[in-house]
Amino acid sequence: MKILIRLPNWLGDVVMSTAFINAVGQLYPDAQIDVIIKKELSNIAPLIPGITQIHPFSKQDFSGLSGVYRFGKKLKAEKYDLFFNLPQSLSSLVMGWATRAKKRVGFGKEGGFFLLTNSLKKPVNLHRVDEYVSLLEQFTGKTIAHKQVKLNASVTEPKQNNRVLVNFNSEASSRRMPLDKGQALLNKLTAAFPDITFGLIGSPKEVDFVSQLITGSENPERLENYAGQTDLPGLCSLMAQSVAMLTTDSGPAHLANSVGTPVIVLFGAGNEYNTAPYNKQNLIVLRYGKLTCEPCVRNTCKLYGVPRCMELLDELQIINALSQYTNHA
């Protein structure tokens, strides 16, 4: 049997979908499992256990519905038996339809249900991982008892017990740490943990923000700048070799959780019951939790402009949480 899975388009969602891929492998142990993934994220796919072939997809090369149709049609020769659609977009449904897979399975949405052979109902009030796995459970009628989000990071160096990674970035401004708050928090952290080096990460477009965080801090010599210096596999390795990670609700939070690194997640906007890192071992989720607007799921803060839910996070609570994963009080 040949199975094709259209993975989601955001880094955190791709990481959360690894539990779905693992579940497919449990139910179809002899199948070939291939994936379609956004080109910009394709270098993370080799770290996902159980994948045979990777098909990178670029919106620039295949734009519009006609483009996704052409891309899907290219895969028709593979003669897939099953196509699972995870992004729930019309374009991904058109892509799956063009592959002419014998069965095309997904949640019916955006009027594209007629492109599926098996259009299923999306459950409500579940974690994103459980949403994905429920698609497989509904299709097969079988229950997946063991769900695990996992990436296989390449670890070439021993764990650095004196390094904590920090990510204050997010695609959404409502989940990004405000600059002043980030600098104040770094000052408190470097004072509270004198033997710890804090490594700040970020994508190439986040380099300027990370540089501002460092230059405005009281102890810049204790801060390492990794922003824009690692690809996704390299970032996973860096995470696996660090003692812990302090991060906003973002893709890197899921990356660190998937390679087994202890994670402290600072939530602003966003619903932790739906999108927090899934593996509960060595995970601490912190939220201010006293604003009437919490939690919202907006990408921008309409009420305050700068997200107050991030500004009001308790710095002592963050320090106490981090102390659980270091040898320092």
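## Helix H8 and its surroundings

In this predicted model, helix H8, spanning residues 232-240, is largely enclosed by the rest of the structure, because 7 of its 9 residues are buried. The buried residues of H8 are Leu232, Leu235, Cys236, Ser237, Leu238, Met239 and Ala240, and they pack against two helices, H1 (11-16) and H9 (251-258), as well as against the strands S7 (160-167) and S10 (242-248).

At the start of H8, the backbone nitrogen of Gly234 is approached by a side-chain oxygen of Asp231, which reaches to within 2.7 Å of it.

## The pairing of H3 and H4

Helix H3 (residues 64-74) and helix H4 (residues 90-99) have axes that come within 7 Å and cross at roughly 35 degrees, and the crossing of H3 past H4 is right-handed. On the H3 side the contact is made by Leu65, Val68, Tyr69, Phe71, Gly72 and Lys73, while H4 contributes Leu90, Ser91, Val94, Met95, Trp97, Ala98 and Thr99. Sorted by character, the residues of this contact between H3 and H4 comprise 9 nonpolar, 3 polar and 1 charged.

## Aromatic pairs

The count of aromatic pairs, taking ring centres within 6.5 Å, comes to 7. In the pair formed by Phe193 and Phe198, the ring centres are 6.5 Å apart and the planes stand at 65 degrees, so the arrangement is edge-to-face. Phe193 counts as buried, at 0% relative accessibility, and Phe198 is likewise buried, with a relative accessible area of 0%.

Elsewhere among the aromatic residues, one cluster is formed by Phe20, Phe84 and Phe139.

Definitions and conventions. Residues are numbered from 1 along each chain as its sequence is written. This is a predicted model: local features need pLDDT of at least 70, side-chain atom pairs count only at pLDDT 80 or more; totals for chains, interfaces and linings use all residues. Side-chain values use heavy atoms; hydrogens and water are left out. Buried means under 20% relative accessible area, exposed over 50%, partly exposed in between (1.4 Å probe, protein chains only). Helices (H or I, at least four residues) and strands (E, at least two) are DSSP runs, numbered from the N terminus. Contact means heavy atoms within 4.5 Å. A polar contact is a pair of N or O atoms within 3.5 Å; within protein, one must be able to donate a hydrogen and the other to accept it, and residues adjacent in sequence count only if both atoms are side-chain atoms. Axes are lines fitted to C-alpha atoms, for helices over the stretch in contact, and angles run from 0 to 180 degrees between N-to-C directions. A crossing is left-handed if the near helix is turned anticlockwise from the far one by less than a right angle, and right-handed if clockwise. Ala, Val, Leu, Ile, Met, Phe, Trp, Tyr, Cys and Pro count as nonpolar, Asp, Glu, Lys and Arg as charged, and the others, Gly among them, as polar. Rings of Phe, Tyr and Trp (its six-membered ring) pair if their centres lie within 6.5 Å; planes under 30 degrees apart count as stacked, over 60 as edge-to-face and the rest as tilted.
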